[in-house]
Amino acid sequence: MGPVLRAGFLAGEPAAVAVGELPMVVAVAAGLGLLVALAGIGVMWRLRTRSIGVMLAVVVVVAVAATLAGVVAIIMRMIIEGPVKDFVLSVVAVGGLVGLGVAFVLARRVVGESRRLVSAVRDLPFVAPQGLPAELQTIANTLEEAYARERALEGARRELVAWVSHDLRTPLAGMRAMAEALEDGVVSDAETVARYHGQIKLEVERLSVMVDDLFELSRIHAGALRLSRARIGLADLVADTLAGAEPLARAKGVVLTAEAAAGVPVEADAGALGRALGNLVVNAIRHTPSDRTVVLRAGVDDEGMACLSVTDCCGGIPEEDLPRVFEVAFRGEAARTPTADGGAGLGLAIAQGIVEAHDGVIGVVNDGPGCRFEIRLPLVGS
């Protein structure tokens, strides 16, 4: 080591001075570092929309500048002169250059992987590229899931449009034919005219129900469903639903029964939840053969949740179709083939939306000769 360095570190007095002035050196270095940090934050704010590589370069420059400021402060207080000072500054400069080089390499990697992710996003259908940095990989996987959901929703929308177009075309064609027959005087006897009028009225009612379902579903998907919650008992809800569905069950020849435990309170919109339960019951009646039974049950399950269930004798749902039962416009096949009195396939999707708006869950499982739809809601304490 040079004579200046030996004089400063090997002799007793200069070392004592350096130790005694340590707080001053720390304060000066901290102050200079703070000023450099504030300047670096200002630069990064102005360059916030630039490349990640530029950001990393600024970070390294700020770190080197803060270190250099502290070293200069130490040199000035220790009165290091000559080659030693140059050695120290050279080491700091080399360290800064090394840091800039590493930052440059890292920036190129990050920018390259970002561009690879952008290219994958533009190349539809999107498949998440692998081998990205952890954060970018998380973004890529999230985007892939989002694109998958979007494709599923688009498929459901197309299926809904196809079903609704089909369901609208048939009654509208029949109504047009009957209206033209009445207008042209093709039918004139009172009995046929009355039958045509009754059929037109029936088709109008069916179309009105379909339009109402579409409007309700659009409100659910838009998050515009407004609930007026109040404390209600599931037994009363089951009784009202049973009374409303009894005429349809009688006309179909289906036996409709209920088993409701008393004292099962929930916070719910009675009208909306009744519609959801009614959709399940009507769906069960439509797919249950004559002289078979549909059972409504209300109680508390093993997990302490209020539970509503509708069990039918539809013949069951194929296992591969169970996850799709609540999709928009899904109708199923085989035992659940659409009947002439079927709707647009929106009832179960509406029921799901209403139940989820009540912070509940809805599901379906095959059970015996049919299937069982279940609604679970938070139970309100007594």
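Here are some numbered notes on the structure, for reading alongside the model.

1. **Overall make-up.** Please keep in mind that this is a predicted model. The protein chain has 10 helices and seven strands. It counts 382 residues, and 33% of them are buried. The chain exposes about 22000 Å², with 63% of that coming from carbon and sulfur atoms. If you look at contacts between residues at least 6 apart in sequence, 65% join residues at least 24 apart.

2. **The sheet.** A good place to start is the open sheet of five strands, which follow the order β2-β4-β5-β7-β6 with mixed pairing. Its edges are β2 (255-260) and β6 (361-367), each of which pairs on one side only. From one strand to the next, the twist averages 15°. As a reminder, strands of a sheet pair through backbone hydrogen bonds, either parallel or antiparallel.

3. **Strand β7 and its neighbours.** Strand β7 (residues 370-377) pairs with β5 (residues 306-311) in the antiparallel sense, over six bridges. The strands β6 and β7 also run antiparallel, and seven bridges join them. To find the register by eye, try Glu 374 in β7: it is the bridge partner of Ser 309 and also of Gly 363. One residue along, Val 310 has Phe 373 of β7 as its bridge partner. Is β7 enclosed or open? Six of its eight residues are buried, so β7 is largely enclosed by the rest of the structure.

4. **The turn between β6 and β7.** These two strands form a hairpin with two residues between them. Within that hairpin, Gly 368 takes a positive phi near 60°.

5. **Helices against the sheet.** Helix α9 (residues 270-286) lies across β2, β4 (293-300), β5, β6 and β7, and runs at about 25° to β5. Helix α10 (residues 347-357) packs on the sheet as well, touching β6 and β7, and its direction makes about 135° with that of β6. The buried residues of α10 are Leu 348, Ala 349, Ile 350, Ala 351, Gly 353, Ile 354 and Val 355. These residues pack against α7 (190-221), α9, β6 and β7. Just after α10 comes Asp 359, with a positive phi of about 65°.

6. **A salt-bridge network around β7.** The structure holds 12 salt bridges. In general, side chains of opposite charge can pair when their charged atoms come close. Asp 301, Asp 367, Arg 372, Glu 374 and Arg 376 are linked in a network of such bridges. Asp 301 and Arg 376 form a salt bridge, with their closest N and O atoms 2.7 Å apart. Asp 301 sits in the loop between β4 and β5 while Arg 376 belongs to strand β7, so the pair ties together parts that are 75 residues apart in sequence. Asp 301 is buried, at 15% relative accessible area, whereas Arg 376 is partly exposed at 25%. Arg 372 forms a salt bridge with Asp 367, again with a closest N to O distance of 2.7 Å. Both are partly exposed: Arg 372 has a relative accessible area of 22% and Asp 367 one of 31%.

7. **A salt bridge within α7.** Arg 219 forms a salt bridge with Glu 216, and the closest N and O atoms are 3.0 Å apart. The two are three residues apart in helix α7, which means that about one helical turn separates them. How accessible is each partner? Arg 219 counts as partly exposed at 27% relative accessibility, while Glu 216 is buried at 8%.

8. **A nonpolar surface patch.** Met 24, Val 28, Leu 32, Leu 34, Leu 35, Leu 38 and Ile 41 make up a nonpolar patch on the surface, and together they have about 650 Å² of accessible area. Leu 34, one of these residues, is found in helix α3 (residues 22-46). Is Leu 34 buried or exposed? With a relative accessible area of 51%, Leu 34 is exposed, the cut-off for that class being over 50%.

9. **Ala 63.** Helix α4 (residues 52-78) contains Ala 63, which counts as partly exposed at 43% relative accessibility. The C-alpha atoms of Ala 63 and Ala 37 are 8.1 Å apart in space, with the two residues 26 apart in sequence.

Notes
Residues are numbered from 1 along each chain as its sequence is written. This is a predicted model: local features need pLDDT of at least 70, side-chain atom pairs count only at pLDDT 80 or more; totals for chains, interfaces and linings use all residues. Side-chain values use heavy atoms; hydrogens and water are left out. Helices (H or I, at least four residues) and strands (E, at least two) are DSSP runs, numbered from the N terminus. Buried means under 20% relative accessible area, exposed over 50%, partly exposed in between (1.4 Å probe, protein chains only). Contact means heavy atoms within 4.5 Å. Accessible areas come from the Shrake-Rupley method with a 1.4 Å probe; for residues, only the protein chains shown count as cover. Two strands pair if DSSP finds at least two bridges between them. Axes are lines fitted to C-alpha atoms, for helices over the stretch in contact, and angles run from 0 to 180 degrees between N-to-C directions. Patches are made of residues with over 30% relative accessible area and no salt bridge: like charges are joined within 9 Å, nonpolar side chains (Val, Leu, Ile, Met, Phe, Trp, Tyr) within 5 Å. A salt bridge is a side-chain nitrogen of Lys or Arg within 4 Å of a carboxyl oxygen of Asp or Glu.
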